Amino acid sequence: MIEKINSKNLNDLLKTIIIITLLITLFLVLLNKFGGHITDYMTKRTCEMAKEKYVAGDKPGYGVCVKKDTK
């Protein structure tokens, strides 16, 4: 009886660990794929708050803020 309970708990624990591992892996893959776009979005919003101009970079994630020319 005790062995069956321990075996069931172990199986449940392993299933939970596998699910958590898969979710973390999925999150990291998505972050790797879209991380640059997220960084650009945050940089663009920061530029607006600092009243600077956003300049897109060559690749996603490489955008920068530059001071606006005052004429």
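These numbered points walk through a predicted model, one local feature at a time.

1. First, some ground rules. Residue numbers start from 1 along each chain as its sequence is written, and side-chain values use heavy atoms, with hydrogens and water left out. Because this is a predicted model, local features need pLDDT of at least 70 and side-chain atom pairs count only at pLDDT 80 or more, while totals for chains, interfaces and linings use all residues.

2. A good place to begin is helix α1, which covers residues 2-49. Helices here are DSSP runs of H or I with at least four residues, strands are runs of E with at least two, and both are numbered from the N terminus. Ile24 and Glu48 are two residues to look for: Ile24 lies in α1, and Glu48 is found there too.

3. How far apart are the C-alpha atoms of Glu48 and Leu28? The separation is 29 Å, for residues 20 apart along the chain.

4. Next, have a look at the nonpolar patch on the surface. Its members are Ile20, Ile24, Leu26, Phe27, Leu28, Leu30, Leu31, Phe34, Ile38, Tyr41 and Met42, and together they have about 1100 Å² of accessible area. Patches take residues with over 30% relative accessible area and no salt bridge, joining nonpolar side chains (Val, Leu, Ile, Met, Phe, Trp, Tyr) within 5 Å and like charges within 9 Å. The areas come from the Shrake-Rupley method with a 1.4 Å probe, and for residues only the protein chains shown count as cover.

5. One member of the patch makes a handy example. Ile24 has a relative accessible area of 48%, so it is partly exposed. The scale calls a residue buried under 20%, exposed over 50% and partly exposed in between (1.4 Å probe, protein chains only).

6. How many salt bridges does a search of the whole structure find? There are two, each being a side-chain nitrogen of Lys or Arg within 4 Å of a carboxyl oxygen of Asp or Glu. In one of them, Lys8 pairs with Asp12, and their closest N and O atoms are 3.2 Å apart. These partners are four residues apart in helix α1, which means that about one helical turn separates them. Lys8 is exposed at 52% relative accessibility, whereas Asp12 is partly exposed at 34%.

7. Glu48 comes back here, joined to Arg45 by a salt bridge with an N to O distance of 2.7 Å. Both residues sit in helix α1, three residues apart, or about one turn of the helix. Glu48 is partly exposed at 49% relative accessible area, and Arg45 is also partly exposed, at 34%.

8. Now for the cysteines. The model has one disulfide, a term for a pair of cysteine sulfur atoms within 2.5 Å. Cys47 and Cys65 are the pair, with an S to S distance of 1.7 Å. Since Cys47 lies in helix α1 and Cys65 in strand β2 (residues 64-66), the link ties together parts that are 18 residues apart in sequence. The angle about the S-S bond is -100 degrees, making the link left-handed. Is Cys47 buried or exposed? Cys47 is buried, at 0% relative accessible area, while Cys65 is partly exposed at 26%.

9. Finally, take a look at Lys51, in the loop between α1 and β1 (53-55). Its phi is near 55 degrees, a positive value in a residue other than glycine. Most residues other than glycine have a negative phi. Lys51 is exposed, with a relative accessible area of 66%.
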